Amino acid sequence: MDRLLRKFAKSNNLMIQHKTAYGTLQGHAVTFSEGKEFVQLHISTYFEDTNKHQNFEESLNRKLISRDYRVLEMKFL
């Protein structure tokens, strides 16, 4: 697993097995998995409050995604 992703997972008390980290991040179910030259982030959540949704997305960008990885797609359904 990528050193920065492993550090992020450990600092947020996520379980790590092989090339996958999973658990709860800020109250949301997450799975981070690594393949050949890519990392997938899956986050399961629901926001009734638009401000909470925006805060969560900004937190991801500030702490991990935009700094350390090139994002090909981000979906919020």
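A residue is called buried here when its relative accessible area is under 20%, and exposed when that area is over 50%. By this criterion, 19% of the 77 residues of the chain count as buried in this predicted model.

**View 1. The chain as a whole, with its helices and strands.** The predicted model contains three helices and four strands, and their succession along the sequence follows the pattern α-β-β-β-β-α-α. The chain exposes about 6,000 Å², of which carbon and sulfur atoms supply 46%. Where contacts between residues at least 6 apart in sequence are considered, 25% of them join residues at least 24 apart.

**View 2. The four-stranded sheet and the helix that packs on it.** The four strands form an open sheet in the order 1-2-3-4, with antiparallel pairing. Strand 1 and strand 4 (38-44) are the edge strands, each of them pairing on one side only. Averaged over the sheet and with direction ignored, neighbouring strands are turned by 15° against each other. Helix 1 packs on this sheet and touches strand 1, strand 2, strand 3 (28-35) and strand 4, while the direction of helix 1 makes about 145° with that of strand 1. As general background, strands of a sheet pair through backbone hydrogen bonds, either parallel or antiparallel.

**View 3. The hairpin of strand 1 and strand 2.** Strand 1 and strand 2 pair in the antiparallel sense over three bridges, and one of the bridge partnerships joins Gln-17 to Thr-20 of strand 2. Two residues lie between the strands of this hairpin, and His-18, in the turn, has a positive phi of about 55°. His-18 belongs to the loop between strand 1 and strand 2 (20-25), and, although it is not a glycine, its phi is positive. Most residues other than glycine have a negative phi. Is His-18 buried or exposed? Its relative accessibility is 75%, and His-18 therefore counts as exposed, the cut-off for that class being over 50%.

**View 4. The hairpin of strand 2 and strand 3, with Ser-33.** Strand 2 and strand 3 run antiparallel and are joined by six bridges; in the hairpin that they form, two residues lie between the strands, and Gln-26 takes a positive phi near 55°. Ser-33 is placed in strand 3, where it is the bridge partner of Thr-20. Thr-20 is thus a residue with two bridge partners named in these legends, Gln-17 and Ser-33. When residues up to four places away in sequence are not counted, Ser-33 touches Lys-19, Thr-20, Phe-38, Val-39 and Gln-40. Ser-33 is classed as buried because its relative accessible area is 17%, and the cut-off for burial is under 20%.

**View 5. The loop that carries Asn-13.** Asn-13 lies in the loop between helix 1 (3-11) and strand 1 (15-17). The phi of Asn-13 is positive, at about 55°, although this residue is not a glycine. With a relative accessible area of 70%, Asn-13 is exposed.

**View 6. The largest nonpolar core.** Which residues make up the largest nonpolar core? Its ten members are Leu-5, Phe-8, Ala-9, Leu-14, Ala-21, Leu-25, Val-30, Phe-32, Phe-56 and Leu-60. Helix 1, strand 2, strand 3 and helix 2 (50-63) are the elements that give two or more residues to this core, and the largest share, three residues, comes from helix 1. In soluble globular proteins, nonpolar side chains tend to be buried together.

**View 7. The aromatic pair of Phe-8 and Phe-32.** The structure holds one aromatic pair. Phe-8 and Phe-32 form this pair, with 6.0 Å from centre to centre and 35° between the planes, and the arrangement is tilted. The pair links distant parts of the chain, since Phe-8 is in helix 1 and Phe-32 is in strand 3, 24 residues apart. Both residues also appear among the members of the largest nonpolar core. Phe-8 counts as buried because its relative accessibility is 10%, and Phe-32 counts as buried because its relative accessibility is 0%.

Key. Residues are numbered from 1 along each chain as its sequence is written. This is a predicted model: local features need pLDDT of at least 70, side-chain atom pairs count only at pLDDT 80 or more; totals for chains, interfaces and linings use all residues. Side-chain values use heavy atoms; hydrogens and water are left out. Buried means under 20% relative accessible area, exposed over 50%, partly exposed in between (1.4 Å probe, protein chains only). Two strands pair if DSSP finds at least two bridges between them. Axes are lines fitted to C-alpha atoms, for helices over the stretch in contact, and angles run from 0 to 180 degrees between N-to-C directions. Contact means heavy atoms within 4.5 Å. A nonpolar core is a set of buried Ala, Val, Leu, Ile, Met, Phe, Trp, Tyr and Cys residues joined through side-chain atoms within 4.5 Å. Rings of Phe, Tyr and Trp (its six-membered ring) pair if their centres lie within 6.5 Å; planes under 30 degrees apart count as stacked, over 60 as edge-to-face and the rest as tilted. Accessible areas come from the Shrake-Rupley method with a 1.4 Å probe; for residues, only the protein chains shown count as cover.
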